[in-house]
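Reader: I've got a model open on my screen and I'd like to talk it through. Could you walk me around it?

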Amino acid sequence: MNKEILNAAGIDADGALARLMGSEALMGRLFRKFLEDGTFSALTAAIETQDKEGALTASHTLKGMCGNLSMDRLYGLFTEQVNRMRSGDWEGAVGMMPQIGTDYEEAVAAIRECFG
């Protein structure tokens, strides 16, 4: 595992390890599960179809997953997006998707590089 690659992608590698009692093996398993998860695709689809409830559910799920895995940059973005959705700022929430998409792809690439 290369902590610098993860950190550069907005993932607090040391924080994730601390949450997982220092187990790099567990960290690898959980990050690989994140790569297999379809919630980001569900968020994108919900936004494309203007399914506000589905988008909120997916964004909230991603917020939790990113928080648990110390994916701090994405956690912050999803937190803001969920807050915008809940306050009725749909356009603002949707407007965040280009940045979220870029940061998501960067995190995915870093995870693939470090954990396969």
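**A walk around the model**

Author: Let's start in a loop: Gly 38 sits between α3 (24–36) and α4 (39–48). Bear in mind that this is a predicted model.

Reader: Is Gly 38 buried, partly exposed or exposed?

Author: Buried would need under 20% relative accessible area, and exposed would need over 50%. Gly 38 comes out at 44% relative accessibility, so the class is partly exposed.

Reader: How far is the C-alpha atom of Gly 38 from that of Ala 58?

Author: Along the chain, Gly 38 and Ala 58 are 20 residues apart. In space, their C-alpha atoms are separated by 9.4 Å.

Reader: Zooming out, how many helices and strands does the protein chain have?

Author: Reading along the sequence, you meet the pattern α-α-α-α-α-α-α-α. The count for the protein chain is therefore 8 helices and 0 strands.

Reader: Why can I call this chain as compact as a globular protein of that length?

Author: For 116 residues, the globule rule gives 13 Å. The chain's own radius of gyration is close to that, so it is as compact as a globular protein of that length, at 14 Å.

Reader: And what does the C-alpha trace span along its principal axes?

Author: Here's the overall picture to go with the helices. Buried residues make up 44% of the 116 residues, and the accessible surface comes to about 6000 Å², with 50% of it belonging to carbon and sulfur atoms. As for the C-alpha trace, its span is about 40 × 20 × 20 Å.

Reader: What share of the contacts with a separation of 6 or more comes from residues 24 or more positions apart?

Author: A contact here means heavy atoms within 4.5 Å. Among those with a separation of 6 or more, residues 24 or more positions apart account for 62%.

Reader: Now the charges. How far apart are the mean positions of the positive and negative ones?

Author: The protein chain carries 11 positive and 17 negative charges. Take the mean position of each set, and the two points are 5 Å apart.

Reader: How many salt bridges are there?

Author: Side chains of opposite charge can pair when their charged atoms come close. The cut-off for a salt bridge is a side-chain nitrogen of Lys or Arg within 4 Å of a carboxyl oxygen of Asp or Glu. By this rule the total is 3.

Reader: Which residue does Lys 3 pair with?

Author: Lys 3 is in helix α1 (residues 3–8), and its partner, 11 residues away, is in helix α2 (residues 13–19). Lys 3 is partly exposed at 30% relative accessibility, and the partner is partly exposed too, at 45%. The closest N and O atoms are 2.7 Å apart, and the partner is Asp 14.

Reader: Which helices does the salt bridge between Arg 73 and Glu 106 link?

Author: Their side chains meet at 3.4 Å, N to O. Arg 73 is partly exposed at 33% relative accessibility, and Glu 106 is partly exposed with a relative accessible area of 33%. The pair is 33 residues apart and links distant parts of the chain: helix α6 (residues 72–86) and helix α8 (residues 97–115).

Reader: What separates Arg 84 and Glu 80 within helix α6?

Author: These two form a salt bridge, with the closest N and O atoms 2.6 Å apart. Arg 84 is partly exposed at 27%, and Glu 80 is partly exposed at 34%. Because they are 4 residues apart in helix α6, the separation is about one helical turn.

Methods
Residues numbered from 1 in each chain as written. Predicted model: local features only at pLDDT ≥ 70, side-chain atom pairs only at ≥ 80, totals over all residues. Heavy atoms only, no water. Helix = DSSP H or I, 4+ residues; strand = E, 2+ residues; numbered from the N terminus. Rg over C-alpha atoms; globule rule 2.2 N^0.38 Å. Buried < 20%, exposed > 50% of the residue type's maximum accessible area, 1.4 Å probe, protein only. Areas by Shrake-Rupley, 256 points an atom, 1.4 Å probe, with all protein chains shown as cover. Lys, Arg positive; Asp, Glu negative; His and termini not counted. Charge placed at Lys NZ, Arg CZ, Asp CG, Glu CD.
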